[in-house]
Amino acid sequence: MPSKTETLLSLLNGQPVIPVLKIANVADAVPLARALARGGLPAIEITLRTADALEAIRLVASEVEDAIVGAGTILDPRQFGEAAAAGSKFIVSPGITRELLAAAKDSDVPLLPGAITPGEIMAAREAGLRFLKFFPAEQSGGIASLKAFASPLADVQFCPTGGITGKNAADYLSLPNVICVGGSWVAPDDLVRAGRWDEIEALALAASKLGR
């Protein structure tokens with residue numbers, strides 16, 4: 001049976017950028033997910049920062065066959081359960097707690113928790129996790145910090161998120177301990193509001209080629 005880390009990596013399947021989405025209008029969820037998938041970014045993170053987030057996850061999970069929808073900004077076991085029940089294939093949290101680790105242990109849905117200190121990374125590692133979110137990346141030392149972790153924590157890999165843009169993403173992706181990055185630049189709010197899905201698809205296509 002594959003580990004949770006292996007399951008998560010197989011879901012992302014070499015995708016260099018994970019779009020981090022805040023869905024303000026639930027009607028945007030399906031066309032947005034379709035545009036991103038057409039552009040080569042099928043795995044997406046819908047954050048629980050809006051009232052319609054869980055419904056958006058349900059719609060994408062049920063209507064967009066090509067999408068691999070995950071839930072972000074999960075803060076506690078209750079939200080973990082709600083997101084999993086809505087159809088999330090993976091769960092993303094800004095941090096790490098014993099309660100979240102326990103919820104993840106009892107679920108088939110893999111957790112990508114945030115960790116920025118050696119202690120947090122070691123706690124996740126002890127729980128069997130080898131793939132972590134590094135958040136907020138730019139505010140927590142960014143590339144320099146990740147380079148410093150590469151030797152003492154050599155078996156841990158990261159998805160930096162927070163302050164990642166089209167301008168610095170390739171620099172992060174060049175690091176040996178970075179699998180992918182998370183960012184919102186592939187789905188700007190103004191393009192989503194205007195329904196300019198072709199332009200979002202083009203941004204996704206460019207992002208899908210980063211680091212290759």
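How many of the residues of β2 are buried? Keep that in mind while we walk through the structure.

First, some ground rules. This is a predicted model, in which local features need pLDDT of at least 70 and side-chain atom pairs count only at pLDDT 80 or more, while totals for chains, interfaces and linings use all residues. Numbering starts from 1 along each chain as its sequence is written, and side-chain values use heavy atoms, with hydrogens and water left out.

**Stop one: the sheet.** Switch on the cartoon view and pick out the strands (DSSP runs of E, at least two residues, numbered from the N terminus). You'll find 6 strands in an open, parallel sheet, ordered β5-β4-β3-β2-β1-β8. Pairing here requires that DSSP finds at least two bridges between two strands. Select 111-113 and 181-183 to see the edges, β5 and β8, each of which pairs on one side only. From one strand to the next, the twist averages 25°.

**Stop two: β2.** Now select residues 43-47. Here's the answer to the opening question: 5 of the 5 residues of β2 are buried (under 20% relative accessible area, 1.4 Å probe, protein chains only). In a regular strand, side chains alternate between the two faces of the sheet. Show the side chains of β2: A43, E45 and T47 point one way, I44 and I46 the other.

**Stop three: the neighbours of β2.** Add residues 17-21, which are β1; β1 pairs with β2 in the parallel sense over 2 bridges. Look for V20, whose bridge partner is E45, and for L21, which stands opposite I46. Then turn to β3 (68-72), joined to β2 by 5 bridges. On that side, E45 stands opposite G70.

**Stop four: the connections.** Select 29-38 to light up helix α2 (a DSSP run of H or I, at least four residues). Together with β1 and β2, helix α2 makes a right-handed β-α-β unit; right-handed means that, with the strands pointing away from the viewer, the path from the first strand over the helix to the second runs clockwise. Next, select 53-63: the chain crosses from β2 through this helix, α3, to β3, and this crossover is right-handed too.

**Stop five: two cysteines.** Finally, show C159 and C180. Why is there no disulfide (a pair of cysteine sulfur atoms within 2.5 Å) between C159 and C180? The sulfur of C159 is 3.4 Å from the closest cysteine sulfur, in C180, so they are too far for a bond. The structure holds 0 disulfides. C159 is buried at 3% relative accessibility, and C180 is buried at 1%.

Key. Axes are lines fitted to C-alpha atoms, for helices over the stretch in contact, and angles run from 0 to 180 degrees between N-to-C directions. Contact means heavy atoms within 4.5 Å. A disulfide is a pair of cysteine sulfur atoms within 2.5 Å. Buried means under 20% relative accessible area, exposed over 50%, partly exposed in between (1.4 Å probe, protein chains only).
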